[in-house]
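Open the model in your viewer and keep the sequence panel beside it. The tour below goes from one selection to the next.

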Amino acid sequence: MFSLEELSKKISDGSAKVGVIGLGYVGLPLAILMSKRFKVVGFEKSKEIIEQLKNGKSPFTDVTESLLTERLGNTLLLSDNEKDLGDCDFLIICVPTPLDYEKKPDLSYIKTACRSIQTFLKKGQFVILESTSYPGTTEEIMIPLFEKSGLKAGEDFGVAYSPERVDPGNKKFKVENIPKVVGGINETCTEIAAKLYESVLEAKVIRTRDCKTAEAAKIAENIFRDVNIALANELALIFERMGINAWEVIDIACTKPFGFMPFYPGAGVGGHCIPLDPLYLSYQAKKYEFIPRFIELSGEINDFMPIHTINLLIEGLKRVNKKITKSTITIFGIAYKRDVKDTRESPSRIIIEQIISSGGNAKIFDPFAKEIETKYGKYKSEKDAEQAVKNSDAIVIVVDHTIFTEEFLSNLIKTMDEPVIVDCKNVLKEGLKGICEDGIYLGIGKPNHSE
Ligand SMILES: NC(=O)c1ccc[n+]([C@@H]2O[C@H](COP(=O)([O-])OP(=O)(O)OC[C@H]3O[C@@H](n4cnc5c(N)ncnc54)[C@H](O)[C@@H]3O)[C@@H](O)[C@H]2O)c1
């Protein structure tokens with residue numbers, strides 16, 4: 001039997017032992033955070049990642065190597081042997097939740113993690129899922145797997161869902177100062193999980209009435225972003241045709257102190273969350289005989305943006321009597337967003353593939369992401385930006401990494417003959433004005449047709 005008193009005491013005196021399963025973008029910062037107060041076992045199935053971390057090498061900018069090294073010699077044990085999780089009081093699952101080849105939720109990582117836990121699960125332990133999934137995952141998928149052990153959820157062991165809201169690369173909001181949502185399978189479970197997070201976080205913990213409300217809140221947050229980005233993209237497509245600068249429109253609309261929140265257009269959405277999570281809810285909604293048209297339409301609009309980028313590139317090259325075929329195009333930014341190295345679901349992949357399938361040559365430059373996997377093989381970033389633009393016919397600015405300033409890009413563009421620039425992030429606010437006279441500039445959400 002697990003008890004609120006016993007686990008609360010272990011939390012308050014710091015004697016609780018916490019296991020974190022999956023040491024990726026979510027799990028590693030969480031393991032570091034928990035190890036500030038508790039003994040932590042960071043369990044990761046990839047031996048390569050364990051080796052890298054044990055050598056004090058942090059793959060993520062959000063976890064400094066000095067902090068990792070300090071915790072390693074102290075409260076953090078890294079392991080690829082699940083037996084090391086056996087005596088943990090809390091087990092927090094942070095494994096991936098991708099889509100399968102049919103674009104349906106792939107819960108195989110969660111199920112595998114649950115099956116391993118089930119082999120050693122004992123009375124008094126507490127399991128928390130942090131991975132994003134559709135409402136119902138914790139109670140309908142996880143609990144039946146745990147209960148194969150013969151133990152009863154909510155009586156013999158605790159279960160809660162607590163979504164991770166971390167935003168890799170965000171300088172202001174880190175895992176410790178983002179409010180945390182917690183929903184247990186009963187009130188006691190909610191309370192215990194909330195106390196655990198309250199003991200390490202600077203931010204407040206929000207208790208939900210049940211697991212599925214917490215699961216739904218996380219999915220709603222990410223769908224909100226996806227839908228609003230789609231709206232920004234649609235407005236950009238309309239305003240481009242009308243000869244209106246969508247970026248200026250957004251800035252002006254922002255001056256209204258209520259009722260408007262800025263979202264910006266771009267070459268598409270990427271990362272492990274925004275393009276995927278809406279499809280998790282869509283999938284589940286259809287089981288309830290509801291077709292989520294709005295959510296799916298947003299996905300279609302965002303998916304069109306890399307194609308629109310290619311259309312701008314074709315148009316730009318046409319204006320200097322060139323075609324993609326035989327042209328060399330340099331992509332600035334292969335990460336899915338600013339100042340991170342994660343290339344998962346990055347729109348750059350589609351842009352590169354389109355260039356290659358049209359007979360063009362693609363070069364890339366990204367100061368964070370070193371390479372990207374495409375259906376034509378891996379594409380590696382050039383070592384320096386000068387090398388990347390050498391002999392290029394066009395540049396496509398896909399990501400607004402902080403170092404891609406107007407000055408940085410202007411200096412590179414000045415070295416090119418008749419350059420064609422496609423700017424997906426409004427980095428060059430005034431286009432090529434003052435940079436070069438013989439170039440062509442086209443931008444997403446820019447008045448391209450009136451130039
Ligand atoms: N990346 C983000 O910004 C972010 C933000 C909020 C929520 N999330 C959600 O958090 C979850 C994890 O995402 P992530 O970006 O950290 O993924 P990730 O791929 O970076 O990390 C997951 C890690 O889990 C490991 N793993 C997989 N199965 C395992 C198992 N059975 N046992 C031990 N280790 C295992 C993988 O090797 C990998 O290192 C996903 O559901 C994601 O949607 C991600």
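How are α11 and α12 oriented relative to each other? They are oblique to each other, because oblique covers the angles left over once those under 35 degrees count as roughly parallel, those over 145 as roughly antiparallel and those from 65 to 115 as roughly perpendicular.

**Before selecting**

This is a predicted model, in which local features need pLDDT of at least 70 and side-chain atom pairs count only at pLDDT 80 or more, while totals for chains, interfaces and linings use all residues. Residue numbers start from 1 along each chain as its sequence is written.

**Whole chain**

Show everything as a cartoon. The protein has 14 helices and 15 strands; these are DSSP runs numbered from the N terminus, with helices being H or I of at least four residues and strands E of at least two. Its C-alpha atoms fill a box of roughly 75 × 50 × 40 Å along the principal axes. The radius of gyration is 24 Å, which agrees with the value near 22 Å for a compact globule of 451 residues; this radius is taken over C-alpha atoms, and the globule rule is 2.2 Å times the number of residues to the power 0.38.

**Select α11 and α12**

Colour residues 347-357, helix α12, against α11. They pack at an angle of about 45°, with their axes 9 Å apart. Axes here are lines fitted to C-alpha atoms, for helices over the stretch in contact, and angles run from 0 to 180 degrees between N-to-C directions. The crossing of α11 past α12 is right-handed, the near helix being turned clockwise from the far one by less than a right angle, whereas an anticlockwise turn is left-handed.

On the α11 side, pick Met305, Pro306, Thr309 and Ile310; these meet Pro347, Ile350, Ile351 and Gln354 in α12. Contact means that C-beta atoms, placed from the backbone, lie within 7 Å. This contact has 6 nonpolar, 2 polar and no charged residues. Nonpolar covers Ala, Val, Leu, Ile, Met, Phe, Trp, Tyr, Cys and Pro, charged covers Asp, Glu, Lys and Arg, and the others, Gly among them, are polar.

**Add α8**

Next select residues 211-242 for α8 and 293-319 for α11. Their axes come within 8 Å and cross at roughly 50°. That angle makes α8 oblique to α11. The crossing is left-handed. Residues of α8 that meet α11 include Ile223, Val227, Ala230 and Leu237, and those on the α11 side include Phe294, Ile301, Met305 and His308. By class, the contact of α8 with α11 divides into 9 nonpolar, 4 polar and 2 charged residues.

**Add α10**

Select residues 277-287. This helix, α10, has an axis that comes within 10 Å of that of α11, and the two cross at roughly 145°. α10 also passes α11 in a left-handed crossing. Pro278, Leu281 and Ser282 in α10 meet Ile295, Glu296, Ser298 and Gly299 in α11. The classes here are 3 nonpolar, 3 polar and 1 charged.

**The sheet under α11**

Keep α11 shown and add the strands of the five-stranded sheet. Which strands stand at its edges? The sheet is open and parallel, in the order β10-β9-β13-β14-β15. β10 (361-365) and β15 (440-443) are the edge strands, each with a single partner, so one side of each has no neighbour in the sheet. From one strand to the next the twist averages 20°. α11 packs on this sheet, touching β9 (328-332), β13 (394-397), β14 and β15, and its direction makes about 160° with that of β14.

Zoom to β14, residues 420-423, which is joined to β15 by 4 bridges; strands pair if DSSP finds at least two bridges between them. One pair to label is isoleucine 421 with its bridge partner, tyrosine 441.

**A hairpin**

Move to residues 371-374 and 377-380, where β11 and β12 run antiparallel with 4 bridges. They form a hairpin with 2 residues between the strands. Isoleucine 372 stands opposite tyrosine 379.

**The other sheet**

Finish with the open sheet of 8 strands, ordered β3-β2-β1-β4-β5-β6-β7-β8 with mixed pairing. Its edges are β3 (76-79) and β8 (205-207). The twist averages 25° per step from strand to strand. Select residues 27-34 to see helix α2 lying across β1, β2, β3 and β4, at about 170° to β1. Helix α7, residues 187-198, also packs on the sheet, touching β4, β5, β6, β7 and β8.

Definitions and conventions. Two residues are in contact if their C-beta atoms, placed from the backbone, lie within 7 Å.
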